[in-house]
Amino acid sequence: MSEEPRIHTPGALAGEDELDLSLRPRRLAEFVGQDSLREQLSVSLEAATARGEPLDHVLLAGPPGLGKTSLAQIVAAELEAPFVQTAGPALERKGDIAALLTALEPGAVFFVDEIHRLNRALEETFYPAMEDRRLPITIGQGAGARVVTLELPPFTLIGATTRAGLLSTPLRDRFGIQHRLEPYAPDDLATIVRRSAEILDVRLEEDGAHAIAERSRGTPRVANRLLRRVRDWAEVRGSGVVTAQAADSALALLEVDELGLDRLDRDILSALCRRFSGGPVGLTTLAVAVGEEADTIEDVYEPYLLQQGLLRRTPRGRAATALAYEHLGLQAPEPAGLW
Ligand SMILES: Nc1ncnc2c1ncn2[C@@H]1O[C@H](COP(=O)(O)OP(=O)(O)OP(=O)(O)O)[C@@H](O)[C@H]1O
Ligand SMILES: [Mg+2]
C-alpha cells in the first residue's frame, strides 16, 4: 500500500484519479468523523464569516489519506473563496511565492501541501506575509539593490503536513488554527465506505462495509481503495454485491490481513522480530532490510503499527512488541535478565 509521494503543482492535481475526486467530501457536513476538529473549524468559519474577515491561517497535520487536502478545499468552499494550491517542494524561489501571493483574489484560500518540505530560506518569506500581509522583496543587485514591500490581499494560508515535527517553530506559531487528524474509528470508516458505495453505485451490504472498515488502517483513502478492489472481486468472482465474505476473499487475495496490515507492514514486523531480534534498530537499517524508503515507513506505515501497539519507538530505534510476535505467530523472546 505504498503511497506515491504526490507533489501538487499549481493548477494541477497530479496523480489524483477522477474517482478519488468524485469521492472527496465537498462540504463540512459531508466530512465524516473527526468530530471535534469539525466542530472547531465550523466555529472558526462562522466567526470569520460573521466578522467579514479572512479565516486565521490553518495548519493540518496527520498521516496520509486522512483528509487534509479535502478539508482545505472544504474550507474554501464554505467561505465561498477561491482555492489556490501548491506544495512545499514546488516552491523553489522567493519569486515563486511572490507571484502566487500577489495574484491571489481577496479572501482566497492558499493551500501549501507538504509544507514541511518547504525550503528553510523560503520559509521566512511567509512570516511577514502571514502576519501583516506584507511581502518585502529585493529588487536589483549589489549597491543598487533596494527592498520594496508589496501589499498582499487578505488571504488564508492552509498548510498540510504529514510531519508537524519537521516544521520550524516560527512557522508553526504563525498558524492561528492548528489541528491534528487522527486515524478514524471503524464506524466512521464504515460510514465513508457506505457513502462512497452510493457515489460509485456499488451494491454493498452492512457486513461488507464493516469488513472493509475494520481493515482500512484508520484511513479513508485506504477504505475507498479497498472498496474498489472488493467490488472488482464481487463482480468477477462473487455475486456482484459487496458482502463480508466478498471482502474476506478479496482482501486475502490482496494479502491484507485481519488487522488491515499488508505485506510491507508484515515485512517490517518480521524483519524486526526475526532479523533484528526484536530491535531496537535504526529506521534506515530497517528501511534497507525491507527495501522501502525510510520516509515512507515513517509517514505511511509506522503510524498505524504504533497505534495498533505492534511497534515501539525507542531512543535507539524501532522495536517490536510482544503483540507483533503474537500477530506473526512467533514466540516472543523472554525479557532479558539483569546482569
Ligand atoms: N472525513 C472524510 N470523509 C469522507 N471521505 C474522506 C474523509 N477524509 C478523507 N476522505 C477520502 O479520502 C481521500 C483522501 O483524502 P485527502 O486527499 O484529503 O487526504 P490527505 O490527508 O490530503 O492525504 P495526503 O497526505 O496523502 O495528501 C479523499 O479523496 C476522500 O475521498
Ligand atoms: Mg493531500
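In this predicted model, the chain folds into 14 helices and nine strands. Measured out along its principal axes, the C-alpha trace spans about 70 × 60 × 30 Å. Of the 339 residues in the chain, 48% are buried. As for how the chain meets itself, take the contacts with a separation of 6 or more: 69% of these come from residues 24 or more positions apart.

The domain assignment splits the chain into three pieces, with domain 1 running over 18–180, domain 2 over 186–253 and domain 3 over 263–328. Between the C-alpha centres of domain 1 and domain 2 there is a distance of 34 Å. Where these two domains touch, domain 1 brings 12 residues to the contact and domain 2 brings 13. About 1100 Å² of area is buried between domain 1 and domain 2, and carbon and sulfur atoms supply 59% of that area.

What about charged and polar pairings across this boundary? Domain 1 and domain 2 share one salt bridge. Glutamate 30 pairs up with arginine 195 in a salt bridge, with 2.9 Å between the closest N and O atoms. Three residue pairs are in polar contact between domain 1 and domain 2, counting pairs with both residues at pLDDT 80 or more. On the side of domain 1 that touches domain 2, the residues come out as six nonpolar, three polar and three charged.

Methods
Residues numbered from 1 in each chain as written. Chains lettered and ligands numbered in written order. Predicted model: local features only at pLDDT ≥ 70, side-chain atom pairs only at ≥ 80, totals over all residues. Heavy atoms only, no water. Domains from an automatic or database assignment. Contact = heavy atoms within 4.5 Å. Buried area = accessible area lost by both parts, 1.4 Å probe. Salt bridge = Lys/Arg side-chain N within 4 Å of Asp/Glu carboxyl O. Polar contact = N/O pair within 3.5 Å; in protein donor to acceptor, adjacent residues only side chain to side chain. Nonpolar A, V, L, I, M, F, W, Y, C, P; charged D, E, K, R; others polar. Helix = DSSP H or I, 4+ residues; strand = E, 2+ residues; numbered from the N terminus. Buried < 20%, exposed > 50% of the residue type's maximum accessible area, 1.4 Å probe, protein only.
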